Amino acid sequence: MLNSRPLVPLSSDLDDLNVLTPSHVLIGRSITSIVEPDLTNLNENRLDNWQKITKIIQLIWKRWSVDYLNSLQQRNKWHFEKKNAKIGDMVIIKEHNLPSCQWSLGRINNIYPGKDSKVRVVEVKTTRGIFKRPISKLCILPIETVCVK
């Protein structure tokens, strides 16, 4: 699960949503997993051994992914002045119903600054279309781009 997290975009192309992950370094490609039904709300006495393991993995995934996304959203405004988003930034969209090892990725197409000239809402291009999202539901990847040739 840890090795599925997006680290950096592979290119600066706005149409490219591919990212480098730790699994690329370990096995040469991104990790794929079988989508299992959500078992987190079921009682354990109703589950067989495989389903119990799957439930534990799903619970760990939910806790870890929320903590990881929150760590990417650290507020630095008290330390130094910095723009919070710009066109072309690769972002992870916070969605709480995604299965293990899957991330909702997108690129910022347009920004909508508030009265204080801070970006509050952005237009994000994903594989499913273009959406407007508040900046609080997005996590900008910490490193901008990697030049791969």
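R128 is exposed (over 50% relative accessible area, calculated with a 1.4 Å probe on protein chains only), its relative accessible area being 55%. This residue forms a salt bridge (a side-chain nitrogen of Lys or Arg within 4 Å of a carboxyl oxygen of Asp or Glu) with E95, and the closest N and O atoms are 3.0 Å apart. The pair links distant parts of the chain, since R128 lies in the loop between β5 (119-126) and β6 and E95 in the loop between β3 and β4, 33 residues apart. E95 counts as partly exposed at 25% relative accessibility, a class that lies between exposed and buried, where buried means under 20%. The model is predicted, so that local features need pLDDT of at least 70 and side-chain atom pairs count only at pLDDT 80 or more, whereas totals for chains, interfaces and linings use all residues. Residues are numbered from 1 along each chain as its sequence is written, and side-chain values use heavy atoms, with hydrogens and water left out.

The structure holds three salt bridges. Side chains of opposite charge can pair when their charged atoms come close. Another of these bridges joins D38 to K62, with the closest N and O atoms 3.7 Å apart. D38 is in the loop between α1 (22-27) and α2 (49-72), while K62 is in helix α2, so the pair ties together parts that are 24 residues apart in sequence. Both residues are partly exposed, D38 at 47% relative accessibility and K62 at 33%. In a further salt bridge, the side chains of K86 and D89 meet at 3.1 Å, N to O. Here K86 is partly exposed, with a relative accessible area of 35%, whereas D89 is buried at 11%. Of the 149 residues of the chain, 30% count as buried.

The secondary structure comprises two helices and seven strands. Helices (H or I, at least four residues) and strands (E, at least two) are DSSP runs, numbered from the N terminus. From that terminus on, the elements follow the order β-β-α-α-β-β-β-β-β. Five strands form an open sheet in the order β6-β5-β4-β3-β7, with antiparallel pairing; two strands pair if DSSP finds at least two bridges between them. The edges are occupied by β6 (129-134) and β7 (138-140), each with a single partner strand, so one side of each has no neighbour in the sheet. Neighbouring strands of this sheet are turned by 40° against each other on average, direction ignored; axes are lines fitted to C-alpha atoms, and angles run from 0 to 180 degrees between N-to-C directions.

Within the sheet, four bridges join β3 (residues 90-93) to β4 (residues 104-113), and these strands run antiparallel. I92 stands opposite L105 in β4. The loop between β6 and β7 contains S136, which is partly exposed at 41% relative accessibility. S136 and R120 are 16 residues apart in sequence and 8.0 Å apart in space, C-alpha to C-alpha.

The second largest pocket has a volume of about 410 Å³. On a 1 Å grid over the protein atoms alone, a pocket is an open set of points with protein on both sides within 12 Å along at least five of seven lines, and lining residues have an atom within 4 Å of a point. Of the 19 residues that line this pocket, V19, C101, Q102, W103 and L105 are the closest to its centre.

Definitions and conventions: 1 Å grid on protein atoms, 1.4 Å probe; cavity = no way out; pocket = protein on both sides within 12 Å on 5 of 7 lines; lining within 4 Å. Points joined across faces, edges and corners; volume = space filled by probe spheres on them.
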